[in-house]
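I'm opening a fresh page for a chain I haven't looked at before. The plan is to look things up one by one and jot down what turns up.

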Amino acid sequence: YGCNPAKYWMHANMLNVNGQKMSKSFGNYFLPKEIIEGTTELFDKPYSANVLRFFMMQAHYRSNLDFTQEALNASEKGFTRLMEGLKTFDKIPTSTSSFDVDALIASFYAAMNDDFNAPILVANLFEAVKYINLINDGNEHISEEDRGKLKAAMHAFIYEVLGLLPEQTSENGK
């Protein structure tokens with residue numbers, strides 16, 4: 001089938017933990033569920049499945065992924081910021097758009113058409129969140145039609161393409 005064994009070997013060596021190749025022999029091996037449950041001793045707290053997924057989406061699928069406490073904490077903050085931006089959508093006022101919403105939405109598609117470039121998509125989604133916050137502060141404006149288009153596009157790319165979901169907490173805080 002034209003398989004290149006070297007290509008597959010290269011992809012198998014792309015997970016690092018604290019700058020070191022992940023390996024049982026190095027003692028830095030864990031399962032994703034151990035990060036979510038908080039049962040690995042490599043990290044000082046559990047992280048939600050959404051945060052873990054968001055962390056992984058910030059690296060291109062063909063690049064190294066280095067699990068560090070700092071990187072997971074940054075992803076947790078970024079994920080929260082993205083979700084807060086979506087919550088703000090319903091509160092923003094509408095008038096005449098002061099920026100090109102269609103170009104912003106096109107940037108989401110362009111990122112995916114560029115070899116499923118999730119890190120660029122995430123950056124573009126943060127650009128949209130920046131505009132949402134500027135609109136909320138009265139420094140930018142958006143029309144009702146553009147708000148609907150941007151909200152629909154952001155929901156599609158965040159929830160369906162990236163597979164992220166709003167965080168839900170149970171009565172016991174988990």
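**Entry 1: a pocket.** I started with the second largest pocket, and the element that gives the most to its lining is α3, with 3 residues. A reminder to myself: this is a predicted model. The pocket holds about 270 Å³ of space. I counted 16 lining residues, and those closest to the centre are Met14, Leu15, Met56, Leu65 and Phe67. Which elements give two or more residues to this lining? They are α2, α3 and β3. I then sorted the lining by class and got 13 nonpolar residues, 3 polar ones and no charged ones.

**Entry 2: helix α3 itself.** Since α3 turned up in the pocket lining, I looked at the helix next. It covers residues 49–57, and its buried residues are Asn50, Val51, Leu52, Phe54, Phe55 and Met57. What do those buried residues pack against? My list has α2 (32–37), β3, α4 (69–88) and α6 (118–136). So β3 is on two of my lists, because it also gives two or more residues to the pocket lining and α3 packs its buried residues against it; a strand is a DSSP run of E, at least two residues long.

**Entry 3: the whole chain.** I stepped back for the overall plan. I find 7 helices and 3 strands. Reading from the N terminus, the order of elements is α-β-β-α-α-β-α-α-α-α. The chain has 174 residues, and 38% of them are buried. I also checked how far along the sequence the contacts reach: of those between residues at least 6 apart, 69% join residues at least 24 apart. The exposed surface comes to about 10400 Å², with carbon and sulfur atoms supplying 53% of it.

**Entry 4: the sheet.** In what order do the strands sit? The 3 strands make an open sheet in the order β2-β1-β3, with mixed pairing. The edges are β2 (20–21) and β3 (65–67), each of which pairs on one side only. A general note for my own benefit: strands of a sheet pair through backbone hydrogen bonds, either parallel or antiparallel. Here β1 (residues 15–17) and β2 run antiparallel to each other, over 2 bridges. Looking for the bridge partner of Val17, I found Gln20 in β2.

**Entry 5: two residues with positive phi.** Background first: most residues other than glycine have a negative phi. Asn18 goes the other way, with a phi near 50°. Where is Asn18? I found this residue in the loop between β1 and β2. Its relative accessible area is 46%, so I put Asn18 down as partly exposed. Asp115 also has a positive phi, about 60°, although it is not a glycine. Asp115 belongs to the loop between α5 and α6, and at 30% relative accessibility this residue counts as partly exposed.

**Entry 6: Ser63.** This residue is in the loop between α3 and β3. Is Ser63 buried or partly exposed? I noted it as partly exposed, because its relative accessibility is 30%. I also checked its distance to Met14: the two are 49 residues apart in sequence, with 6.8 Å from C-alpha to C-alpha. Met14 was already in my notes, as one of the residues closest to the centre of the second largest pocket.

**Entry 7: Ile105.** I found Ile105 in helix α5 (residues 101–113). Why did I write it down as buried? Its relative accessible area is 12%, so Ile105 is buried, the cut-off being under 20%. Leaving aside neighbours within four places in sequence, I get contacts from Ile105 to Lys149, Leu150 and Ala153. The C-alpha of Met154 is 8.1 Å from that of Ile105, across 49 residues of sequence.

**Entry 8: Thr88.** My last stop was Thr88, in helix α4. Thr88 has a relative accessible area of 9%, so I marked this residue as buried. Which residues does Thr88 touch, not counting those up to four places away in sequence? They are Ile132, Asn133 and Asn136.

Conventions:
Residues are numbered from 1 along each chain as its sequence is written. This is a predicted model: local features need pLDDT of at least 70, side-chain atom pairs count only at pLDDT 80 or more; totals for chains, interfaces and linings use all residues. Side-chain values use heavy atoms; hydrogens and water are left out. Two strands pair if DSSP finds at least two bridges between them. Helices (H or I, at least four residues) and strands (E, at least two) are DSSP runs, numbered from the N terminus. Buried means under 20% relative accessible area, exposed over 50%, partly exposed in between (1.4 Å probe, protein chains only). Contact means heavy atoms within 4.5 Å. On a 1 Å grid over the protein atoms alone, a cavity is a set of points where a 1.4 Å probe fits but cannot get out, and a pocket is an open set with protein on both sides within 12 Å along at least five of seven lines; lining residues have an atom within 4 Å of a point. Grid points are joined across faces, edges and corners, and a volume is the space filled by probe spheres set on the points. Ala, Val, Leu, Ile, Met, Phe, Trp, Tyr, Cys and Pro count as nonpolar, Asp, Glu, Lys and Arg as charged, and the others, Gly among them, as polar. Accessible areas come from the Shrake-Rupley method with a 1.4 Å probe; for residues, only the protein chains shown count as cover.
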